[in-house]
Each structure stands twice: as C-alpha cells, then as structure tokens.
Amino acid sequence: MGTGMARALPLALALLLACSDVAVVAAQGTERIQGSAGDVLEDDPVGRLKVYVYELPPKYNKNILAKDSRCLKHMFATEIFIHRFLLSSAVRTLNPEEADWFYTPVYTTCDLTPWGHPLTTKSPRMMRSAIQYISKRWPYWNRTEGADHFFVTPHDFGACFYFQEAKAIERGVLPVLRRATLVQTFGQKHHVCLKEGSITIPPYTPPHKMRTHFVPPETPRSIFVYFRGLFYDTSNDPEGGYYARGARASVWENFKNNPMFDISTDHPPTYYEDMQRSVFCLCPLGWAPWSPRLVEAVVFGCIPVIIADDIVLPFADAIPWEEIGVFVAEDDVTKLDTILTSIPMEEILRKQRLLANPSMKQAMLFPQPAEPRDAFHQILNGLARKLPHGKGVFLKPGQKVLNWTEGDPADLKPW
C-alpha cells in the first residue's frame, strides 16, 4: 500500500464510522432549498396546458408491446408509461383545436433483440412512418412541421437512435424531428444528439419494486463507496478503451483493492439494500452519460457521484443536482478516494438531508398510478414552461422547413 493510501485510509474510515454513527440524526429531518427547487418541484401543471394524444394504429404501440412484455421493465419503458399516463391525465383534451401540445404514442424501443436491446435500425423508420401517418390524417403537424409536437425518445442517445456514440453522432437527430420537442433520457451539453429545448428525464426504474426494498431510515450507512455494474463491455468494445470513455475501467483498475470501495460486476439480491447502507454511490457514464443508478441513488438517499462530463441531468431546473450530488470529471477518476474523503462532514449530512426530501425521490419516478409531483408531472411542467408558443412556430401557407428525403438512406425505407 502506498504512503498516500495509508494516510487517506484512516481518514476515510473515521469519516465512514462517523457517518454510520450519525445516520439516525441525518434521517430525522429533511431540508429544502427555499425559493429554488422546492417551489419548482411542487408546480401543478393542470390548468396550464392541454395535450392532444393522437390515436395511432396498434402496430405502432399496442401490438409491439403485446409481442414482448419485457418492454414494460427495461430502462426505456418511459415511452409506454407516459402514453398510459396521458390517456387518463387531466391535461388531456379530446379537442385538438384547443391543444397546446400534440403527442404521438410510438414505441420505438419496444422491438427488442433476444438479449433485450432495442433494434435501433428499425426505430427511426418506425418514427418516420408514424409522423407520415399523422401528417396525412390531421392538419396539425403540417401547420408547424412538429414545432408544437413532443415525442418520447428514451434511447441511449435520444433521437440519434444508436447506442454507440460515434455512430449516434454520425447519424444525428432524425431530421423530421428537428422542429419537435424531444422528451429523452439523453442529455449532454454541446452534443449533436441533444436538440435545443429537449426535456431530459430519468430512465425508468420500477417504483413498486424499489419500494419493497426500503430499509428502516435509521439503518447505518456502513459502506463508504458502492458500485455494481460493468467496467468493461468486451462484447461491444473488445479493445476496452471506448466503453464509458475509459472511466469505468479506471475505477476498477485504481480501486478494486481499496477497502473504502465496495465495487464489483456482481449484482447481488441485496443491491437496493446495499445502496441504502452506502454513503456514496458511483454513477459513471456507460455507453451514454446517464444510467438508472442515478435514480436509484436519489431514491435510496445515497449521494450520487456523477462521473460524466457535461451531462445534462433530469429536470435540471427542478432538482438541485449541485446540492445533492458530487461531480467528478472523467479525467479525475484516479483521484476519487482523495475527492470523496475531502468532503466535509457537514456537507455530507446536508446532502443526505436534501436527499431525504420525499419530493426529490418522487420527481425521479414513474409510478402507476401517477402520484403528485412525480416524473410524469415534471414532464408536463417542462412543457408548460415552454408556453405560449411563439409566432414562429406556425408556418405560412405553402412554407416548408423540413426535408423528408434527408438522413440515413436506411431510415428512408418503409416501415
């Protein structure tokens, strides 16, 4: 063990023991940031907007789901649950003439491989086909070319429809969606696949399953740093330098033998309980900057350590990420032990109190049925804040902006 490690270890263990001892105190109260996130999280979107839900042939949604129920459980399932929520939401209108927003329920992530991965080669063709359908049967798309429409695209890189970044950048956002608002899990500043004005949302994690694993709030947090997941994706990145831009590999190589770090590729049945026994939970990028660990960490009160440069986090105007998380640059992963052991105890306790706020947890989840201030409502709040639409949304008679023949040749094939 190096001398630097020897000096850092006693400090870290002392901090860990201290955190364990005060776990009960930290759990007794919550904290809010007055005049900031607390107010936004409690916005009520009802009465502030109206949404018209297009009725599509079942081949775009219901039939795909009927063929593969796995779609209801994976991290891209938000497109299904948002559709179900809107059908019974108080913001839904059956009169398209009074609608502020139009929603097209197409399940582009529900056509899965045997391994449970979306067939991204089909996704853009499916989306184009659905847009062609609504443009031919209703007048509303054509008068704005989608500028008052929103689409849910919960892929790794949103409407770029590919899981590997280089290919996603090459493809770019599907051209016919360039005037629409995208509701997507992907968000990274200055990135080709993040369209300006997009609403970044959490990935889907099953709320009912998570809630069955809650431990008593007084349970000591006896694990300092916790992570379970891949460090190398050898099947898709055999050379090992592309996946997670090397950040996960760096975590493993530098801290696999560090007793402060409980990290492994194993996924134990006590995974959710272990997060609730941890002070810090690593949330490194994978193929995309985001992962379900971010949701899990917030829900279980484990301080998220976000390792994803320039990430745009879910509902960033409603959740005080800088206050509840720790941000570590990808190039600084080798300093993780020093960074985390240098955080003052007062700051750790304050982050834990903020994470204990039920509104923080609620805003990250898509429960069925919906609940006040949940992620569904945060999406509607995001849409409401974009109203009223500017005059430039509506095209002049005969005016065209989008080029339907633009894009990857494979995407132009019929679906």
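**Notebook: sheet edges, cis prolines and positive phi**

I began with strand S4 (residues 181-184) and found that 2 bridges join S4 to S5, the two strands running parallel. The model I am reading is a predicted one. I then looked up a residue pair within this pairing: Gln184 has Thr200 of S5 as its bridge partner.

I next traced the sheet as a whole. I recorded an open sheet of 5 strands in the order S1-S2-S3-S4-S5, with parallel pairing. Strand S1 (51-53) and strand S5 (199-200) are at the edges and have a single partner strand each, so one side of each lacks a neighbour in the sheet.

**Backbone entries**

I noted the general expectation before turning to the exceptions: most peptide bonds are trans, and most residues other than glycine have a negative phi.

I checked the peptide bond from Gln368 to Pro369 and entered it as cis, with omega near 0°. I located Pro369 in the loop between helix H16 (358-362) and helix H17 (375-384). I also entered the bond from Leu387 to Pro388 as cis, here with omega near -5°. I placed Pro388 in the segment after H17.

I then looked up phi at His190, which is not a glycine, and found a positive value of about 60°. His190 sits in the loop between S4 and S5. I asked myself whether His190 counts as buried or exposed. His190 has 81% relative accessibility and therefore counts as exposed, the cut-off for that class being over 50%.

Ala244 was my next entry, a residue other than glycine with a positive phi near 55°. I found Ala244 in the loop between strand S6 (223-228) and helix H10 (247-255). Its relative accessibility is 0%, so I entered Ala244 as buried, a class that requires a value under 20%.

**A loop residue and its contacts**

I turned to Thr334, which I placed in the loop between strand S10 (326-327) and helix H14 (336-341). I entered Thr334 as partly exposed because its relative accessible area is 42%.

Which residues does Thr334 touch, not counting those up to four places away in sequence? I listed Ser250, Asn254 and Phe255. I also looked up the separation of Thr334 and Ala247: they are 87 residues apart in sequence, and their C-alpha atoms are 9.1 Å apart in space.

Conventions
Residues are numbered from 1 along each chain as its sequence is written. This is a predicted model: local features need pLDDT of at least 70, side-chain atom pairs count only at pLDDT 80 or more; totals for chains, interfaces and linings use all residues. Side-chain values use heavy atoms; hydrogens and water are left out. Two strands pair if DSSP finds at least two bridges between them. Helices (H or I, at least four residues) and strands (E, at least two) are DSSP runs, numbered from the N terminus. Buried means under 20% relative accessible area, exposed over 50%, partly exposed in between (1.4 Å probe, protein chains only). Contact means heavy atoms within 4.5 Å.
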